[in-house]
Amino acid sequence: MMSELGAQVLSADEIARGLMEPGTNVFDSIVAKFGRGAVKEGRLDRPELARLAFAGGRVEELNAIVHPATIALQSELMDAIFASDADAVVVVESALIFETTHGDGWRERFDRMLLVTAPERLKVERFVARSGGGDRAALEAEAKRRLARMIPDDVKAAQCDFVIANDTSLDKLRLRVREVWQELTAQRQLQG
């Protein structure tokens with residue numbers, strides 16, 4: 001929605017996925033740490049890697065490889081965007097910005113922090129839907145396990161400039177996103 005309004009959006013997940021492709025340092029480091037069992041048909045077996053990391057209690061090992069590389073590439077991409085358009089609004093979408101211990105100074109990297117919240121039941125439902133099928137009970141348990149590792153929304157909200165509740169209709173969500181966009185662009189004009 002921010003992209004539709006004119007923001008340049010960088011997805012941490014998409015950046016990380018690209019960095020985890022075969023032939024990259026991140027791929028090689030993950031295979032060295034997690035073994036060839038994390039590879040299927042020459043690529044990372046993402047479900048197996050998730051199982052090894054989350055169920056195996058090795059999330060921080062994976063994050064220590066992926067997060068620094070993702071943050072470095074985000075910085076490069078932001079620099080390139082601002083070099084071509086000093087007035088650009090860049091939104092870095094990241095599910096784990098508060099949870100990572102591998103990006104010291106994260107707050108200083110951003111002018112504003114925006115948190116999108118939803119009740120846990122919706123987060124679980126959305127995780128199951130994105131997973132594309134399988135054992136629903138197992139997927140729900142996995143979603144809850146991952147959520148338990150995350151900082152609660154109310155704690156994160158206290159550190160944010162804007163909070164958007166994503167718990168009702170798409171129309172209400174769009175309205176709130178537009179309100180935040182207007183505030184962001186008004187603040188940018190004041191700073192300019």
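Modeller: Strands are DSSP runs of E of at least two residues, numbered from the N terminus. In this predicted model, threonine 117 is found in one of them, strand β5.

Colleague: Is threonine 117 to be read as buried or exposed?

Modeller: A residue counts as buried when its relative accessible area is under 20%. Threonine 117 has a relative accessibility of 16% and therefore counts as buried.

Colleague: Which residues does threonine 117 touch, leaving aside those up to four places away in sequence?

Modeller: Threonine 117 is in contact with Asp153, Val163, Ile164, Ala165 and Asn166.

Colleague: Let us turn to helices. Which residues of helix α3 are buried, and on which side of α3 do they lie?

Modeller: The general idea is that an α-helix has 3.6 residues a turn, so residues three or four places apart point the same way. In α3, which spans residues 25–34, the buried residues are Val26, Phe27, Ile30, Val31 and Phe34. Because these residues cover an arc of only 130° around the axis, they lie on the same side of α3. The exposed residues Asn25 and Ala32 are carried by the face turned away from that buried side.

Colleague: What covers the buried residues of α3, and which residue follows the helix?

Modeller: The cover includes α2 (12–19), β2 (39–40), β3 (43–44), α4 and α5 (59–84). After α3 comes glycine 35, with a positive phi near 90°.

Colleague: How is the packing of α4 and α7 described?

Modeller: Two packed helices are described by the angle between their axes and the distance between the axes. Helix α4 (residues 46–55) packs with helix α7 (residues 136–148) at about 50°, and their axes are 11 Å apart. Angles from 65 to 115 degrees count as roughly perpendicular and those under 35 as roughly parallel; α4 and α7 are therefore oblique to each other. Their crossing is left-handed.

Colleague: Which residues of α4 and α7 meet?

Modeller: From α4, Ala50, Phe54 and Ala55 meet Glu142, Arg145 and Arg146 of α7. Sorted by class, this contact has 3 nonpolar, no polar and 3 charged residues.

Colleague: Where does glutamate 99 lie, and does it count as buried or exposed?

Modeller: Glutamate 99 is in the loop between β4 (90–93) and β5 (114–117). Its relative accessibility is 15%, so glutamate 99 counts as buried.

Colleague: What separates the C-alpha atoms of glutamate 99 and isoleucine 151?

Modeller: These two residues are 52 residues apart along the chain, yet their C-alpha atoms are separated by 6.7 Å. Beyond residues up to four places away in sequence, glutamate 99 touches Arg149, Met150, Ile151 and Lys156.

Key
Residues are numbered from 1 along each chain as its sequence is written. This is a predicted model: local features need pLDDT of at least 70, side-chain atom pairs count only at pLDDT 80 or more; totals for chains, interfaces and linings use all residues. Side-chain values use heavy atoms; hydrogens and water are left out. Axes are lines fitted to C-alpha atoms, for helices over the stretch in contact, and angles run from 0 to 180 degrees between N-to-C directions. Helices (H or I, at least four residues) and strands (E, at least two) are DSSP runs, numbered from the N terminus. Angles under 35 degrees count as roughly parallel, over 145 as roughly antiparallel, 65 to 115 as roughly perpendicular and the rest as oblique. A crossing is left-handed if the near helix is turned anticlockwise from the far one by less than a right angle, and right-handed if clockwise. Contact means heavy atoms within 4.5 Å. Ala, Val, Leu, Ile, Met, Phe, Trp, Tyr, Cys and Pro count as nonpolar, Asp, Glu, Lys and Arg as charged, and the others, Gly among them, as polar. Buried means under 20% relative accessible area, exposed over 50%, partly exposed in between (1.4 Å probe, protein chains only). The arc is that of the directions from the helix axis to the C-beta atoms.
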